[in-house]
Amino acid sequence: MKNSIDEYKFRKLLKELEAKEGRGTELISLYIPPGRQISDVMNALKQEYSQASNIKDRRTRHHVLDALTSCMQRLKLFKSVPENGLIIFCGYTSTGIPGNENMEIHIIIPPEPINIYLYRCDSKFYLDPLKEIISEKEFYGLIVMDRNEATFAILKGRQLRILDTITSGVPGKHDAGGQSQRRYERVIEQMAHEFYKRIAEYAEKFFLNSDVEIKGVIIGGPGKTKEDFVKGEYLHYTLKSKVIGVIDTGYTGEEGIYELVNRSKDILQNIKYIHEKNVVQEFLSNLAKGDSRITYGLNEVEKLLSMNLVEKILVSTALGDLEKIIMMCPNCGYSKEQIIDIINENKVLNEVCPNCGAQMNIKCKQNLLDEIIEKAEANNVKIELISTETEEGEQLRKSFGGIAAILRYNITE
Ligand SMILES: [Zn+2]
């Protein structure tokens, strides 16, 4: 995904497609990988067409055949499959009123290559390969350790894979007394040293020489053994540079890994949202310096956007929960614009005209975030989408109305 706006739009599209439903099994999903000949796909669709002619239910048959015809017509417009592949969703989707289904077709060129060929006819569109594109893709290496054992795991999103546990055989501290006590302690130190070397070798095998690229390493365990390990010259320098956290846990072993995952949430969250945090922090520090190219608040920013004075906006994803509605009186023409929470939409439906008392109608409504993105894109304004997952993001939402702008020029009032 190129940037946060592309990702936002892609997620939105998936959500819309996910809500679609056919009356029967009549919604077509077609995934074509790059390199596939259009003519091959056409032939496959012709076969599907002749098979669909045998569908017993008259209306389902009619719907499937219609959808296949539309697919073929659209496919004909392509000379070759785009380099990321091509996806077609097509069919009559339910509007809630039986017999009143709408034919719709969506042609999607995925933001990343999809490498499957798939034809499916079902009551829903098949979206799993597209969902995979927006799933967490970053891998983190985890180690929990003490002097007795070390356990290795890899974390990807919410998926945790425990890899291995190794043990040291280092005995606990005994009180042998005198001369032999000191010798005994030296032996134990030597054994611990050897164990750290082995841990580092395993870490290298799992996190450096594996088929996945590890973005960061988090090391946990009870006591200060883990710190000795991290500070010592054990870990490969590449892995050492990737250590993003050293965290106390009460346990070792698998239990320790689960504990480490729980305690690492903040660290992982910070890494994921580091760009957003930096963007907001930069805005706040410029604001504190009194930079007059900075402004915020919905009305102000929208006004400046339409005057094409804005270079960059910071906009909170929270604005996606709001809707701009224009209500109009059919009797006297009075109109009123308001911004409401989407969940409160029903409340405004019964509003009456303050002039003549007639029931007002919704003239138009649009998602506030979509509207701002559209306006910004039309004026070539750089957009930074800021989630509410961080303190900085919350601050943008609460203290600045969810939107701030950096202007092209210094405008003195
Ligand atoms: Zn009226």
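Let's start with the second largest pocket, whose lining residues divide into six nonpolar, four polar and seven charged. Keep in mind that this is a predicted model.

That pocket holds a volume of about 610 Å³. Its walls are made by 17 residues, and those nearest the centre are Glu 136, Leu 155, Gly 157, Arg 158 and Leu 268. Three elements each give at least two residues to this lining: strand S6 (149–156), strand S7 (159–167) and helix H9. H9 has the largest share here, with four residues.

Now for the largest pocket. It takes in about 1,400 Å³ of space, and 41 residues line it. If you want to find its centre, look for Ser 4, Glu 7, Tyr 8, Arg 11 and Lys 272, the lining residues that lie nearest to it. Which elements each supply at least two residues of this lining? They are H1, helix H4 (128–134), helix H9 (265–272), helix H10 (274–288) and strand S15 (382–386). H1 provides the largest share, ten residues. Sorted by class, the lining of the largest pocket comes to 14 nonpolar, nine polar and 18 charged residues. H9 turns up again in this list, having already served the second largest pocket.

Next come the helices that pack against each other. Two packed helices are described by the angle between their axes and the distance between the axes. Here are the three pairs:

| Helix pair | Angle between axes | Axis distance |
|---|---|---|
| H1 (residues 4–19) and H13 (residues 368–378) | about 135 degrees | 12 Å apart |
| H2 (residues 38–52) and H3 (residues 58–76) | about 165 degrees | 10 Å apart |
| H11 (residues 298–306) and H13 | roughly 30 degrees | within 10 Å |

Take H1 and H13, which pack at an angle of about 135 degrees. That angle makes H1 oblique to H13, and the crossing is left-handed. On the H1 side, the touching residues are Ile 5, Tyr 8, Lys 9 and Lys 12, while H13 brings Leu 369, Asp 370, Ile 373 and Glu 377. This contact is split into four nonpolar, no polar and four charged residues. Tyr 8 appears twice in our tour: it touches H13 as part of H1, and it is among the residues nearest the centre of the largest pocket.

H13 has another partner, H11, and their axes cross at roughly 30 degrees. H11 is thus roughly parallel to H13. Once more, the crossing of H11 with H13 is left-handed. Leu 298, Glu 302 and Leu 305 of H11 meet Leu 368, Glu 371, Ile 372, Lys 375 and Ala 376 of H13. By class, that contact has five nonpolar, no polar and three charged residues.

That leaves H2 and H3, packed at about 165 degrees. Are they roughly parallel or roughly antiparallel to each other? With angles over 145 degrees counting as roughly antiparallel, H2 and H3 are therefore roughly antiparallel. H2 also passes H3 in a left-handed crossing. From H2, the contact uses Ile 38, Val 41, Met 42, Leu 45, Lys 46, Glu 48, Tyr 49 and Ala 52. H3 answers with Arg 61, Val 64, Leu 65, Leu 68, Thr 69, Cys 71, Met 72, Leu 75 and Lys 76. Twelve of the residues in the contact of H2 with H3 are nonpolar, one is polar and four are charged.

Key:
Residues are numbered from 1 along each chain as its sequence is written. This is a predicted model: local features need pLDDT of at least 70, side-chain atom pairs count only at pLDDT 80 or more; totals for chains, interfaces and linings use all residues. Side-chain values use heavy atoms; hydrogens and water are left out. Axes are lines fitted to C-alpha atoms, for helices over the stretch in contact, and angles run from 0 to 180 degrees between N-to-C directions. Angles under 35 degrees count as roughly parallel, over 145 as roughly antiparallel, 65 to 115 as roughly perpendicular and the rest as oblique. A crossing is left-handed if the near helix is turned anticlockwise from the far one by less than a right angle, and right-handed if clockwise. Contact means heavy atoms within 4.5 Å. Ala, Val, Leu, Ile, Met, Phe, Trp, Tyr, Cys and Pro count as nonpolar, Asp, Glu, Lys and Arg as charged, and the others, Gly among them, as polar. On a 1 Å grid over the protein atoms alone, a cavity is a set of points where a 1.4 Å probe fits but cannot get out, and a pocket is an open set with protein on both sides within 12 Å along at least five of seven lines; lining residues have an atom within 4 Å of a point. Grid points are joined across faces, edges and corners, and a volume is the space filled by probe spheres set on the points.
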